[in-house]
Amino acid sequence: MASNIPTIPPSAARPVASQEAGQDDSSALAFLRSESLTTVLQEKIERMILGGDLKAGERINEFALAQAFGVSRSPIREACRKLEQAGMVEIIKNRGMFVCSIDLQRAMDIYEIRGALAGLAGKLIVQRATDDDIAALRLMVERMDVTVESGVVAEYYRQNIAFHSALVRCTGNQRLVDIFLGTDKELHLYRHRSLVQASGVAISNHEHHEIVEALAARDAAAASLAFTQHVLNGKSRAMAAASAGDADPGDTPAA
């Protein structure tokens, strides 16, 4: 008995399935492109903030950024939302987006968190850093000695950030690295003259030497203490600068 149900040839069904798969692939590709663009823009805007092109408290002109980067305003907004999550941008309803401005109390809170992270980092670095890692850290500190002698504080600040980054990466704990370096970025938004004088950078780098020597000795307790104390000394320098009333938007702490 012949069936009344029509038979659909396999060749006729393929174009529909292929079209649906193609649509899924296109959607996935569009999403990846969108995410990639947002990440690139986030990094570019972050560099503008850290480089001083966008200053603490300044309103972010999304239209100007969109024109500068050759994109629409939508990915600029999305990038700024991600920077808001990172504590670098503040979005105020009906007012717009602003570079965060860190007050003294918030800076002190960040220093305390940073100190606790430094204590853990010191112990992990002793356990996990190779001899080559420690030799590289020592070389960085020695190069910073040369910068201290030159009195170029801006260069010392750049080297200081690089040293802290290399130091915490030796923990082998990526989450710790992300959080610690996040505090670096937040403190960049709190600017003052705590290390403008040569004595300030000299003391800071002496503390770096103490950290490296404790690591080289494979003394976990000493390394933890030296790193923690370095951060807390930075906090004290920031407080002293604020108390002295010598705040200056062009200078940044290096602890």
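A disulfide is a covalent bond between the sulfur atoms of two cysteines. In the present structure, which is a predicted model, the number of disulfides is 0.

**First stop: two cysteines**

Please select Cys-80. This residue counts as buried, because its relative accessibility is 0% and the cut-off for burial is under 20%. Next, select Cys-170, which also counts as buried, at 12% relative accessibility. No disulfide involves either residue, since the structure holds 0 of them and a disulfide requires a pair of cysteine sulfur atoms within 2.5 Å.

**Second stop: Thr-171**

From Cys-170, proceed to Thr-171. This residue is found in the loop that runs between helix H6 (153–169) and helix H7 (174–188). Is Thr-171 buried or exposed? Thr-171 is buried, its relative accessible area being 0%.

Display the side chain of Thr-171 and the backbone of Val-168. The side chain of Thr-171 reaches the backbone oxygen of Val-168 at a distance of 2.6 Å. Then display the surroundings of the threonine. When neighbours within four places in sequence are left aside, Thr-171 is in contact with Ala-121, Leu-124, Ile-125 and Arg-128, as well as with Leu-176 and Val-177.

**Third stop: the aromatic pair**

Remain with helix H7 and select Phe-180, together with Phe-227. These two residues form an aromatic pair, and the structure holds 1 such pair. The arrangement of Phe-180 and Phe-227 is tilted, with 5.6 Å from centre to centre and 55 degrees between the planes. Which helices does the pair connect? Phe-180 lies in helix H7 and Phe-227 in helix H9 (residues 220–243), so the pair ties together parts that are 47 residues apart in sequence. Both Phe-180 and Phe-227 are buried.

**Fourth stop: Glu-62**

Finally, move to helix H2 (residues 62–69), where Glu-62 lies. Glu-62 is buried, because its relative accessible area is 15% and burial means under 20%.

With which side chains does the side chain of Glu-62 make polar contacts? Select Arg-73 and Arg-77 to see them. The side chains of Glu-62 and Arg-73 are joined by a polar contact of 3.2 Å, and those of Glu-62 and Arg-77 by a polar contact of 2.8 Å. To complete the view, add Ile-76 and Met-97. Not counting residues up to four places away in sequence, Glu-62 touches Ile-76 and Met-97 in addition to Arg-73 and Arg-77.

Notes:
Residues are numbered from 1 along each chain as its sequence is written. This is a predicted model: local features need pLDDT of at least 70, side-chain atom pairs count only at pLDDT 80 or more; totals for chains, interfaces and linings use all residues. Side-chain values use heavy atoms; hydrogens and water are left out. Helices (H or I, at least four residues) and strands (E, at least two) are DSSP runs, numbered from the N terminus. Buried means under 20% relative accessible area, exposed over 50%, partly exposed in between (1.4 Å probe, protein chains only). A polar contact is a pair of N or O atoms within 3.5 Å; within protein, one must be able to donate a hydrogen and the other to accept it, and residues adjacent in sequence count only if both atoms are side-chain atoms. Contact means heavy atoms within 4.5 Å. Rings of Phe, Tyr and Trp (its six-membered ring) pair if their centres lie within 6.5 Å; planes under 30 degrees apart count as stacked, over 60 as edge-to-face and the rest as tilted.
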